[in-house]
Amino acid sequence: MRAIPAWLQATPLACVLGVFLLVPILTVVVVSFWDYDSTRLIPGFVLENYREVLGEPVTWRIYLSTLRFAAITWAITLGVGFTVAYFLAFHVTSTLWQMVFFQLCTIPFLTSNIIRMISWIPFLGRNGLINQALQGMGITDHPLEFLLFSDFAVMLAFVHLYTLFMVVPIFNTMMRIDRALIEAARDAGASGWAAVTNVIIPLSLPGVAIGSIFVVTLVMGDFITVRLMSGGQSASVGVMMSNAIALLQYPAAAAHAVVLLAVVLLMVAAILRVVDIRKEL
Amino acid sequence: MGRRGPAHWLLAAFFGLFVLFLYGPTVTIAILSFQGPEGGLTFPMRGVSMHWFANLFETQAVGDFGGSFSRSIALACMVTGLTVAISLLAGLAFRRRFFGATALFYLTVASLIMPSILVSLGIGLMFNIADVQPSWYGSALGAHLTWTLPFGVLIMLAVFNRFDRALEEAARDLGASPWQVFRHVVLPLIAPSLIGVGLFGFTLSYDEFARSLMSAGSDNTLPLEIYGMTTNVTTPVLYALGTLTTAFSFLVIASCLVGVMTLRRRRLASGRARG
């Protein structure tokens, strides 16, 4: 397609992202400085929204609890995701089965998140399978209430939804590791475990970084998982934002959004400082 | 590596448990959606029936299931077509240098990691200020594209990174025009990947919730409808809906896989026929 200039081919993408990503973000930034009353937005330049957002102790508490969600989810998805990717990349020797297993891990990503959350109710509910099993084995005599509608349920759902965001990039990076390096390590006397810690883990770090960016940004911006799985009992930055939206306090929601964006970008920058992912792109 | 020590079987067992963890809950609600009319949201099953599926199609019982379903399908089809076309064009563009290529690439990546609720709020505010009514076929379409395009573009980048340019040069040496090179050499080779891009476009749009929230306007898409149901429906009709939409997603995924395999087989066969 030499006949068509490259910039023209890129124009549709630039237009869509310009109109539906760049302009909306700028709108959010601008509106975060606007005033409002119960019925309308009042253009202007006030810092009141930020004063309210940053001045409230509850905001800081909610940021801390959201960061805690992100940290715990990150640690678990990393552990599970790395193990699964390692198994797929180094222990499944047939290419066909490798592809089948890999697809098996990615297919749930293409189904509804909300349905996947709902599908925990039969397990975690008051009369759910876990409580039935625990009571059947005589471990407790009354159903555990904390299973559904709790921080535990929220984190379980996060791990359920987002582990494949770790598996896919880590697997991709691992598939590019030169197998001769591992053989060399073994020839030099490294045990299987030493080969993993000294060769595979360092070389998988770019994949780990990409997966971490996904998981951290998804958890930080989430509100639907927290609301649904905690039954409205836990708070997160996203829930706080969606509450402000529901109350039509758009400038307040916008100020929350700007702070959230700043925090997320800082976290991404921190990850990129530790690991160089440019080779992966 | 590859020797079948105890570590291998431990890892295999771990992987098995992970797959069970991924699919177990979905299978469970599929079973529970066949609850008898007296049954509840958890086991035991009180009989087996199609009661809750029938319940789903009585409009007043659970809201506008039919309307939201057809809106979601129509929206997903539009998103799919646009995602494939725009990603393909952008993929072709990124093979060469053009002004702003790096900036556009970073904007694409930013679109991927931008919190969905922020995009949703921004688009909602933009339409609000411009005094334009948001709609599922307008603002929500744009909102979904900000989520599907990064996947499409990154897939196309990966595909073209591995693309053998010698094939195009050979065609050109034989006198093919730029269009002929694209139509008869490039397009057949990347067709399976385009199906993959389309699959991402369709399923991600069909299931998108957060980005639709403030951009869909007054008519709900299916995920918005399902979310509404979770707060006020406490019967297995929720599972029936979940089972149906998940089955539909699986059907779409399966037909794409079949499409990719058919393309591959046909190419192999025609390659053999020509010797």
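## Notebook: chain B and its partner

**Entry 1, starting from one residue.** I began at B:Val260 and set aside its neighbours within four places in sequence; what remained in contact with B:Val260 was B:Pro192 and B:Ile195. A reminder to myself before going on: this is a predicted model.

Next I looked up where this valine sits, and found B:Val260 in helix α12 of chain B. Is B:Val260 buried, exposed or partly exposed? I found 17 C-beta neighbours inside 10 Å, and since being buried takes 20 or more and being exposed 12 or fewer, B:Val260 counts as partly exposed.

I also checked a pair for distance. B:Leu213 is 47 residues from B:Val260 along the chain, and their C-alpha atoms are separated by 33 Å.

**Entry 2, chain B as a whole.** I went through the secondary structure and listed 12 helices and 0 strands in chain B. Reading along the sequence, I noted one α after another: α-α-α-α-α-α-α-α-α-α-α-α.

For the extent of chain B, I noted that the C-alpha trace spans about 75 × 65 × 40 Å along its principal axes. Of its 275 residues, 41% count as buried. I then turned to contacts between residues at least 6 apart in sequence, and in chain B 77% of these join residues at least 24 apart.

**Entry 3, the two domains.** How is chain B divided? I found domain 1 at 23-56 + 234-275, written in two pieces, and domain 2 at 59-231. Their C-alpha centres lie 24 Å apart in chain B.

I looked at where these domains of chain B meet: 15 residues of domain 1 are in contact with 15 residues of domain 2. On the domain 1 side, α2 (51-56) and α12 (237-273) of chain B each supply at least two residues. Helix α12(B) gives the largest share of that side, 13 residues. I sorted the domain 1 side by class too, and got 9 nonpolar, 4 polar and 2 charged residues. My starting point, B:Val260, belongs to this α12 of chain B.

**Entry 4, meeting chain A.** Last, I looked up how chain B touches its partner: 71 residues of chain A are in contact with 68 residues of chain B. Several helices of chain A supply at least two residues each to the chain A side, among them α3 (57-91), α10 (192-220) and α13 (250-274). Which helix brings the largest share of the chain A side? I found α1(A), with 19 residues. By class, I noted 51 nonpolar, 18 polar and 2 charged residues on the side of chain A that touches chain B.

Notes:
Residues are numbered from 1 along each chain as its sequence is written. Chains are lettered from A and ligands numbered from 1 in the order in which they are written. This is a predicted model: local features need pLDDT of at least 70, side-chain atom pairs count only at pLDDT 80 or more; totals for chains, interfaces and linings use all residues. Domain bounds come from an automatic or database domain assignment. Two residues are in contact if their C-beta atoms, placed from the backbone, lie within 7 Å. Helices (H or I, at least four residues) and strands (E, at least two) are DSSP runs, numbered from the N terminus. Ala, Val, Leu, Ile, Met, Phe, Trp, Tyr, Cys and Pro count as nonpolar, Asp, Glu, Lys and Arg as charged, and the others, Gly among them, as polar.
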